[in-house]
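Me: Could we go through the aromatic contacts in this model? Please keep the criteria explicit.

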Amino acid sequence: MRKPVIEINGKKYTIAFNYGSHRTLSKIWNIKTFGELIKRLSKFSDMGEDPTFEQIDDLRDVVFSGIQEEFDEDTDLIINEVIYDTVKMAKIMEAFAASFPQEKKSNPAKPTNPKKSKK
């Protein structure tokens with residue numbers, strides 16, 4: 001998957017999510033466990049077309065946590081770049097969702113053929 005890029009004040013920033021970005025979010029939000037992080041992120045599931053300011057701020061924090069280059073700008077500029085571009089936002093959120101551990105699909109147990117006893 002190609003990493004999303006945002007441009008702020010003429011500088012391009014690559015967005016990539018990993019354990020480090022999850023830790024950055026946890027520090028920003030003063031969260032101690034992975035479960036608390038997931039719970040906080042669940043607010044995005046009901047964001048719809050009219051997000052609350054808290055959801056927008058959290059979205060800004062998510063994008064900020066994934067910026068790979070040093071970021072010396074006002075973090076509110078992040079929202080200006082992505083909030084009105086639904087395609088860019090979708091790509092960023094897709095990359096973010098993919099950064100979490102995925103449940104492994106288990107193979108159904110194959111039936112075993114017991115050896116027939118010879119009489």
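Reply: The following turns cover ring pairs, their exposure and a charge over a ring. This is a predicted model, in which local features need pLDDT of at least 70, side-chain atom pairs count only at pLDDT 80 or more, and totals for chains, interfaces and linings use all residues. Residues are numbered from 1 along each chain as its sequence is written, and side-chain values use heavy atoms, with hydrogens and water left out.

Me: How many aromatic pairs does a search of the whole structure find?
Reply: The search finds 5 aromatic pairs. Rings of Phe, Tyr and Trp (its six-membered ring) pair if their centres lie within 6.5 Å; planes under 30 degrees apart count as stacked, over 60 as edge-to-face and the rest as tilted. One of the pairs is Phe34 with Phe100, which is tilted, at 5.7 Å centre to centre and 50 degrees between the planes.

Me: Are Phe34 and Phe100 buried or exposed?
Reply: Phe34 is partly exposed at 42% relative accessibility, whereas Phe100 is buried at 12%. Buried means under 20% relative accessible area, exposed over 50%, and partly exposed in between (1.4 Å probe, protein chains only).

Me: Which residues do ring pairs link into a cluster?
Reply: The cluster consists of Phe17, Phe34, Phe96 and Phe100.

Me: Changing topic, where does the charged end of Arg40 sit?
Reply: The charged end of Arg40 sits over the ring of Trp29, 4.3 Å from its centre. The criterion is NZ of Lys or CZ of Arg within 6 Å of the ring centre and within 35 degrees of the ring normal.
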